[in-house]
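Please look over the structure shown here. A short report on selected residues goes with it.

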Amino acid sequence: MSELAVITPSYAPDADLFAELHRSVLTHTPHDTVHHVIVPPADRALFAQYGGARCHVWTYPEILPRRYAHLPRTGLWMNLRRPWPPVRGWVMQQTLKIAAAGEIAADVVLLADSDVVLVRPTTAERFMTDGRMRLYREEDAVTAEMERHVRWHHVARRLLGLPSAPAPPLRDYVSPLNFWDPRIVRAMQRRIQETTGQDWIDAFNSQLHISEFILYGVYVDEVLGASAAPSDTTICHNMWDQAPLDHDGAVAFAERLPSEAIAMMISAKSGTPRRFRLAAARRCAELAGE
């Protein structure tokens with residue numbers, strides 16, 4: 001069993017972004033770290049070029065139970081035993097992360113969106129403190145105005161059989177680069193099944209609004225106890241704006257790389273040209289090596 005594995009759900013429109021992420025995984029993680037990319041069946045051929053000792057290309061049907069079928073030309077998935085409501089692609093990607101994280105043999109799984117790039121050496125130890133797994137947790141970051149996040153908290157607590165969430169502010173656990181303990185993921189799956197009386201996948205996919213990261217964070221904090229997981233919000237240098245960066249803006253973003261960050265993320269939704277994203281990644285790597 002390796003100490004670290006990386007999981008990335010991706011698809012054809014993000015193929016160029018994934019290429020840069022995967023290159024950084026090969027560069028900055030140990031030689032036994034495997035990058036698991038999960039793609040729709042139609043995109044397997046496009047991603048097959050990365051398959052090998054350090055990359056495993058999965059398609060949705062290889063991870064999902066056979067009762068789930070894709071609805072053509074919709075991006076939706078359907079549970080053939082419970083045909084309504086269909087599962088949106090965004091929720092299905094979350095399902096795949098949880099399923100894969102529970103199956104992969106590793107001490108730590110690093111969940112990386114396609115628009116993330118690693119810029120510093122990354123090992124399982126980076127996510128541990130005194131032998132305890134850390135948790136991506138930002139205190140009091142979810143305010144009442146963040147209605148979706150508040151809803152995600154309520155849904156998570158319902159699936160886990162916990163009392164209703166207190167009034168905001170609440171903790172945030174959402175990040176484009178996150179890290180989980182597979183043993184905790186498996187225990188969380190069992191908890192959902194015990195609470196709902198359903199397979200955890202069916203219970204999760206029945207939700208219209210849900211966050212895998214809030215679910216995991218609430219489980220660790222409220223079921224296991226917060227003392228089990230020291231906080232860590234330092235791993236990724238993020239640019240969430242949806243306006244594109246030019247060269248100078250990308251380099252200026254890179255110059256602000258925190259000393260603890262192991263990665264950078266310029267949101268794919270920003271439309272930042274690839275050459276400027278690469279310039280930012282190069283400058284981050286230079287700063288990390290100084």
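The report covers the nonpolar cores, the cysteines, some buried polar residues and the backbone. The model is predicted.

**Nonpolar cores**

The largest nonpolar core has 47 residues. Trp180 and Leu215 have the most contacts inside it. Two strands and several helices appear among the elements that give two or more residues to this core: strand E1 (2-9) and strand E7 (106-112), along with helix H3 (60-63), helix H4 (89-103), helix H5 (147-159), helix H6 (182-196), helix H7 (200-205) and helix H8 (212-225). Another core lies apart from it, with 29 residues. Leu21, Tyr50, Ala124 and Cys236 are among the members of that second core. In soluble globular proteins, nonpolar side chains tend to be buried together.

What does Trp180 touch beyond its neighbours within four places in sequence? Its contacts include Lys97, Ile98 and Ala101. Asp107, Val108, Val109 and Leu111 are also among them. So the list is mixed: charged residues such as Lys97, Asp107 and Glu212 stand in it beside nonpolar ones such as Phe213.

**Cysteines**

How many disulfides does the structure hold? The count is 0. Cys55 and Cys284 show why, since a disulfide needs two cysteine sulfur atoms within 2.5 Å. For Cys55, the closest cysteine sulfur is in Cys236, 19 Å away, which is too far for a bond. For Cys284, the closest is again in Cys236, at 9.3 Å, also too far. Cys55 is buried at 3% relative accessibility. Cys284 is buried too, at 0%.

**Buried Asp172 and His36**

Asp172 sits in strand E12 (residues 170-172). Asp172 is buried, yet it has no salt bridge. Where is the nearest side chain of opposite charge? It belongs to Arg171, 11 Å away. A salt bridge needs the charged atoms within 4 Å, so that pair does not qualify. The side chain of Asp172 does reach the backbone nitrogen of Val174, at 3.2 Å. Leaving out residues up to four places away in sequence, Asp172 touches Tyr136, Arg137, Glu138, Ala141, Val142, His149 and Ile214.

His36 belongs to strand E2 (residues 34-39). Is His36 buried or exposed? At a relative accessible area of 9%, His36 is buried. With residues up to four places away in sequence not counted, His36 touches Ala5, Val6, Ile7 and Thr8, and also His56, Trp58 and Ile104.

**Backbone and exposed residues**

Most residues other than glycine have a negative phi, and most peptide bonds are trans. The table lists two residues other than glycine with a positive phi.

| Residue | Phi | Loop between | Relative accessibility |
|---|---|---|---|
| Arg73 | near 60° | strand E4 (68-71) and strand E5 (76-79) | 83% |
| Asp130 | near 50° | strand E9 (128-129) and strand E10 (132-133) | 75% |

Arg73 counts as exposed. Asp130 counts as exposed as well.

Which residues does a cis peptide bond join? They are Pro168 and Pro169, with omega about 10°. Pro169 is in the loop between H5 and E12.

Arg183 lies in helix H6. Its relative accessibility is 58%, so Arg183 counts as exposed. Arg183 and Asn238 are 55 residues apart along the chain. Their C-alpha atoms are separated by 28 Å.

Definitions and conventions:
Residues are numbered from 1 along each chain as its sequence is written. This is a predicted model: local features need pLDDT of at least 70, side-chain atom pairs count only at pLDDT 80 or more; totals for chains, interfaces and linings use all residues. Side-chain values use heavy atoms; hydrogens and water are left out. Helices (H or I, at least four residues) and strands (E, at least two) are DSSP runs, numbered from the N terminus. Buried means under 20% relative accessible area, exposed over 50%, partly exposed in between (1.4 Å probe, protein chains only). A polar contact is a pair of N or O atoms within 3.5 Å; within protein, one must be able to donate a hydrogen and the other to accept it, and residues adjacent in sequence count only if both atoms are side-chain atoms. Contact means heavy atoms within 4.5 Å. A nonpolar core is a set of buried Ala, Val, Leu, Ile, Met, Phe, Trp, Tyr and Cys residues joined through side-chain atoms within 4.5 Å.
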